[in-house]
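Q: I'm new to reading protein models and would like a close look at one part. Could you walk me through helix by helix contacts, starting from a single helix?

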Amino acid sequence: MKTQKALYWSALALLTAIMLFSIFNYFTNHEMIAGFFEHLNYPTYLIYPLAIAKILGLIAIWGNFSSWLREWAYAGFFFDTLLAFFAHYITDGQDYLFAFIALIATLIAYFTGRELRP
């Protein structure tokens with residue numbers, strides 16, 4: 001149980017750090033992020049709504065308002081990181097490491113957290 005708690009909190013902290021880093025960059029380095037989005041063939045108008053969705057997802061997970069809301073937040077992060085991983089992998093075959101780490105952290109935090117949280 002102690003190992004599971006450590007794994008959960010480590011994965012959640014890593015996921016949170018990666019999401020906060022991306023949110024920070026979405027708002028402060030818009031031109032650079034727009035270039036990345038264009039390179040990955042994503043529309044640039046998604047940058048701000050995606051940043052807001054990530055903020056709301058972190059609030060839903062850390063706020064622990066309801067299990068239903070937390071599950072939807074994890075689902076959102078899962079699809080976000082999964083699509084980011086494949087977009088990076090398919091377009092240039094590199095720079096997919098952070099997306100892969102975030103995907104694994106999302107899965108670990110979700111599955112270990114299901115047993116620890118009510």
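What follows is a close look at helix α3 and the parts around it.

A: Sure, let's start with what we're looking at: this is a predicted model. Helix α3 runs over residues 47–63, and α4 covers 67–91. Let's go through the outside of α3 first, then a salt bridge, then a pocket, and finish with the loops.

On the outside there is a nonpolar surface patch of about 1,100 Å². Its members are Phe-27, Tyr-48, Ile-52, Ile-55, Leu-56, Ile-59, Phe-65, Trp-68, Leu-69 and Trp-72. Which helix gives the most to this patch? That's α3, with 5 residues. Both α3 and α4 supply at least two residues each, though.

Pick one patch member from each of these two helices. Ile-52 sits in α3, and Leu-69 sits in α4. Are they buried or exposed? Well, in between: Ile-52 has a relative accessible area of 44%, so it counts as partly exposed. Leu-69 comes out at 33%, so it is partly exposed too. While we're at Leu-69, try finding Asp-95 as well: these two are 26 residues apart along the chain, and their C-alpha atoms are separated by 31 Å.

Now for a charged residue of α3, Lys-54. Its side chain meets that of Asp-80 in a salt bridge, with 3.6 Å from N to O. The pair ties together distant parts of the chain, since Lys-54 belongs to helix α3 and Asp-80 to helix α4, 26 residues apart. Both partners are buried. If you're counting, the total for the model is 1 salt bridge.

Lys-54 turns up again in the largest pocket. Which residues lie nearest the centre of that pocket? They are Ser-22, Tyr-26, Lys-54, Ala-84 and His-88. The whole lining is made of 30 residues, and the pocket holds about 920 Å³ of space. By class, the lining has 21 nonpolar, 5 polar and 4 charged residues. Helix α3 has company here: α1 (2–28), α2 (30–39), α3, α4 and α5 (97–116) each supply at least two lining residues.

One of those central residues, Ser-22, gives us a handy link to α2. The C-alpha atoms of Ser-22 and Ile-33 are separated by 9.3 Å, and the two residues are 11 apart along the chain. Ile-33 is in helix α2. Its relative accessibility is 7%, so Ile-33 counts as buried.

Last stop: the loops on either side of α3. Asn-41 is in the loop between α2 and α3, while Asn-64 is in the loop between α3 and α4. What's worth a look here is the backbone angle phi. Most residues other than glycine have a negative phi. Asn-41, however, has a positive phi near 65°, and Asn-64 has a positive one near 55°. As for cover, Asn-41 has a relative accessible area of 66%, so it is exposed. Asn-64 is at 33%, so it counts as partly exposed.

To pull it together, follow α3 through the model once more: the helix gives 5 residues to the nonpolar patch, and its Lys-54 pairs with Asp-80 in a salt bridge and lies among the residues nearest the centre of the largest pocket.

Key. Residues numbered from 1 in each chain as written. Predicted model: local features only at pLDDT ≥ 70, side-chain atom pairs only at ≥ 80, totals over all residues. Heavy atoms only, no water. Patch = residues over 30% accessible without salt bridge, like charges linked within 9 Å, V, L, I, M, F, W, Y side chains within 5 Å. Areas by Shrake-Rupley, 256 points an atom, 1.4 Å probe, with all protein chains shown as cover. Salt bridge = Lys/Arg side-chain N within 4 Å of Asp/Glu carboxyl O. Helix = DSSP H or I, 4+ residues; strand = E, 2+ residues; numbered from the N terminus. Buried < 20%, exposed > 50% of the residue type's maximum accessible area, 1.4 Å probe, protein only. 1 Å grid on protein atoms, 1.4 Å probe; cavity = no way out; pocket = protein on both sides within 12 Å on 5 of 7 lines; lining within 4 Å. Points joined across faces, edges and corners; volume = space filled by probe spheres on them. Nonpolar A, V, L, I, M, F, W, Y, C, P; charged D, E, K, R; others polar.
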